[in-house]
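Take a look at the model below. We will move from its surface to a pocket, and then to a helix.

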Amino acid sequence: MSASETSGQSAPAGDEAVPAGGIPIGAVLRARIGWIEIRCDDAAVTQCYWRKIEPKVMVSSALAEEARKQMAAYLEGRLTDFDLPLSYPGSEFQVEVWNMLLRIPFGETRRYGDLATLMGQQDYSAARAVGTACGQNPIAIVIPCHRVVGTAALGGYSSDLGLTAKRFLLDLEKGQGRLF
């Protein structure tokens, strides 16, 4: 497992530390296909999302800068495992799915149904529930929901960029070839 986990123990996402000026703590990074917005609280990364347009200005911190540096290294193909403290509160099921995502190695994919089976559930609705949890992942890329695909297609990807971002990340991890 690559990223440090602190799952389920802190305040809900969106309640991250905000300095006196009301500007959230975080970092913004330009990627080839859009912007990446990373938000933090005092102790952990709490959110990471793809954006079509440049996100609003944020106040930096040592953690936000480290997250930005690691994300840049990942996008440049120099980093395969993030080493950041994470806080991702959610339901027990969501946290279990997100923890499983953290164990999928760089450059590999799993199917929604495979994750459901690992959780002891083998029906279609369980695979859909895994897909829903992937879509609610608050720390995309770092918690690699893009590595989970459908049986016959990519599946979905919740971001401003949709499947364009998922294909981009899978191709990045494959090294120009198609991973799926």
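The paragraphs below go through these three places in turn. Keep in mind that this is a predicted model.

Start on the outside. Ile-23, Val-57 and Val-59 make a nonpolar surface patch. Its area is about 230 Å². Now pick out Val-57. This residue sits in a loop, between strand E4 (45–51) and helix H1 (62–75). Is Val-57 buried or exposed? Its relative accessibility is 66%. Exposed means over 50%, so Val-57 counts as exposed.

Next, look for empty space. Rolling a probe the size of a water molecule over the atoms shows where such space is left. The largest pocket has a volume of about 210 Å³. Its lining includes Arg-111, Tyr-112, Gly-113 and Asp-114. Tyr-124, Ala-127, Arg-128 and Gly-131 are also among the lining residues, and so are Val-149, Gly-150 and Thr-151. Which elements give two or more residues to this lining? They are helix H3 (112–118) and helix H4 (124–135). H4 gives the largest share, with four residues. What kinds of residue line the pocket? Four are nonpolar, four are polar and three are charged.

Finally, turn to helix H2, residues 92–101. Seven of its ten residues are buried, so H2 is largely enclosed by the rest of the structure. Buried here means under 20% relative accessible area. Which residues of H2 are buried? Gln-94 and Val-95 are among them. The others are Val-97, Trp-98, Asn-99, Met-100 and Leu-101.

Methods: Residues are numbered from 1 along each chain as its sequence is written. This is a predicted model: local features need pLDDT of at least 70, side-chain atom pairs count only at pLDDT 80 or more; totals for chains, interfaces and linings use all residues. Side-chain values use heavy atoms; hydrogens and water are left out. Patches are made of residues with over 30% relative accessible area and no salt bridge: like charges are joined within 9 Å, nonpolar side chains (Val, Leu, Ile, Met, Phe, Trp, Tyr) within 5 Å. Accessible areas come from the Shrake-Rupley method with a 1.4 Å probe; for residues, only the protein chains shown count as cover. A salt bridge is a side-chain nitrogen of Lys or Arg within 4 Å of a carboxyl oxygen of Asp or Glu. Buried means under 20% relative accessible area, exposed over 50%, partly exposed in between (1.4 Å probe, protein chains only). On a 1 Å grid over the protein atoms alone, a cavity is a set of points where a 1.4 Å probe fits but cannot get out, and a pocket is an open set with protein on both sides within 12 Å along at least five of seven lines; lining residues have an atom within 4 Å of a point. Grid points are joined across faces, edges and corners, and a volume is the space filled by probe spheres set on the points. Ala, Val, Leu, Ile, Met, Phe, Trp, Tyr, Cys and Pro count as nonpolar, Asp, Glu, Lys and Arg as charged, and the others, Gly among them, as polar.
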